Amino acid sequence: MLGEQVDKVHSVGISYEPVRTGDAAEFAAFLASEPWPFHSGGVVDVADVARRVAAGAYFDDAVRTHWIVVDGRRCGFVRAFDLDDGTPLFDLRLAAGCRGRGLGRAAVGWLVGDLFGLLPEINRIEGTTRNDNLAMRAVFRACGFVKEAHYREAWPGSDGRLHDTIGYGILRRDWLSQSITPVDWAG
Ligand SMILES: CC(C)(COP(=O)(O)OP(=O)(O)OC[C@H]1O[C@@H](n2cnc3c(N)ncnc32)[C@H](O)[C@@H]1OP(=O)(O)O)[C@@H](O)C(=O)NCCC(=O)NCCS
C-alpha cells in the first residue's frame with residue numbers, strides 16, 4: 001500500500017491521520033522503504049524508529065506527526081515539532097510515487113492552518129530545506145512562506161558534499177491576510 005502511484009489529487013480526497021503508537025512498525029517501514037536524498041542522518045534504524053513511535057515520541061505535547069492519506073493510501077507524513085518552543089518547525093516526506101501532484105502543497109497548507117488554530121500563542125512557523133530541493137522550495141513559496149535565511153555549506157550530503165541550507169518562515173498575520181511581509185534586509 002505504501003508509495004503506490006497516486007494518479008491525481010483532489011484536496012477533498014486527502015486526510016491527515018495522527019501517527020499513533022500502534023503505527024510503529026508501519027511508520028518505521030515507510031521511513032526505511034526508500035532513500036531520502038535531501039535528509040541527512042544516513043540509513044534508517046528501523047528498530048529505533050519503531051521503538052520511538054511506540055513510546056509516543058512522534059505524537060505528544062511537542063510533536064505532532066500525521067499520515068498524509070489519499071483515498072485510503074498512506075502516501076507520506078508531515079511531522080511538526082518544537083511545538084512547545086514558540087516557533088514550530090516541520091518535516092514532510094512523500095513516497096516517490098506520490099510526488100509531483102500537489103500533495104506537498106496541500107499538506108503544508110493544511111499544517112499551517114492546523115498549527116495556527118491549535119496554538120494561539122505562536123506567531124510564526126519555520127522550515128528549512130537544502131538549496132537544491134527545488135520541489136520543497138516551490139512548496140514553501142506556494143504556501144506563503146518567505147525565504148528568511150541562507151546558510152552557506154551548512155547541510156552535509158550523504159557523499160560528504162556540503163550544500164547550502166535555506167530557511168523559510170510564515171507569519172500568522174500573513175497567513176490570515178493571505179499576504180507577504182517582505183524581509184527587511186536593510187534593517
Ligand atoms: C518535497 C516534496 C514534499 C514536495 O511535494 P510534492 O507533492 O512532490 O510537490 P508538489 O506536487 O506540491 O509541487 C510543488 C512544486 O514543485 C515543483 N516540482 C516538483 N518536483 C520538482 C523538481 N524535481 N524540480 C523542480 N520543481 C519541482 C512542482 O512543479 C510544483 O511547482 P508549482 O507550485 O510551480 O506548480 C516531495 O517531493 C517529497 O516528499 N520529497 C522527498 C522528501 C523531501 O525532500 N522532503 C522535504 C524535506 S525539507
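**Close-up 1. Glu-26 and Arg-74 form a salt bridge.** In this predicted model, the closest N and O atoms of Glu-26 and Arg-74 are 2.7 Å apart. Glu-26 belongs to helix α1, residues 24–32, and Arg-74 to strand β3, residues 73–81, so the pair ties together parts that lie 48 residues apart in sequence. A search of the whole structure finds 11 salt bridges.

**Close-up 2. The ligand takes up the largest pocket.** In total, 21 residues surround the ligand. The closest are Leu-92, Leu-94, Gly-100, Gly-102 and Gly-104. Sorted by class, the shell around the ligand holds 10 nonpolar residues, 7 polar ones and 4 charged ones.

**Close-up 3. Backbone atoms of Leu-92, Gly-100 and Arg-101 lie close to polar atoms of the ligand.** At Leu-92, a backbone N or O atom lies 2.8 Å from a nitrogen atom of the ligand. Gly-100 places a backbone N or O atom 2.8 Å from an oxygen atom of the ligand. For Arg-101, the distance from a backbone N or O atom to an oxygen atom of the ligand is 3.1 Å. Taken alone, the ligand exposes 950 Å². The protein buries 69% of that area.

**Close-up 4. Helices and strands contribute to the shell around the ligand.** Two strands appear here: β4, residues 89–94, and β5, residues 124–130. Two helices join them: α3, residues 103–118, and α4, residues 134–142. Each of these elements supplies at least two residues of the shell. Which element gives the largest share? That is α4, with 5 residues.

Notes. Residues are numbered from 1 along each chain as its sequence is written. This is a predicted model: local features need pLDDT of at least 70, side-chain atom pairs count only at pLDDT 80 or more; totals for chains, interfaces and linings use all residues. Side-chain values use heavy atoms; hydrogens and water are left out. A residue is near a molecule or strand if one of its heavy atoms lies within 4 Å of it. A polar contact is a pair of N or O atoms within 3.5 Å; within protein, one must be able to donate a hydrogen and the other to accept it, and residues adjacent in sequence count only if both atoms are side-chain atoms. Accessible areas come from the Shrake-Rupley method with a 1.4 Å probe; for residues, only the protein chains shown count as cover. On a 1 Å grid over the protein atoms alone, a cavity is a set of points where a 1.4 Å probe fits but cannot get out, and a pocket is an open set with protein on both sides within 12 Å along at least five of seven lines; lining residues have an atom within 4 Å of a point. A molecule sits in a cavity or pocket if more than half of its atoms lie within 2 Å of its grid points. Helices (H or I, at least four residues) and strands (E, at least two) are DSSP runs, numbered from the N terminus. Ala, Val, Leu, Ile, Met, Phe, Trp, Tyr, Cys and Pro count as nonpolar, Asp, Glu, Lys and Arg as charged, and the others, Gly among them, as polar. A salt bridge is a side-chain nitrogen of Lys or Arg within 4 Å of a carboxyl oxygen of Asp or Glu.
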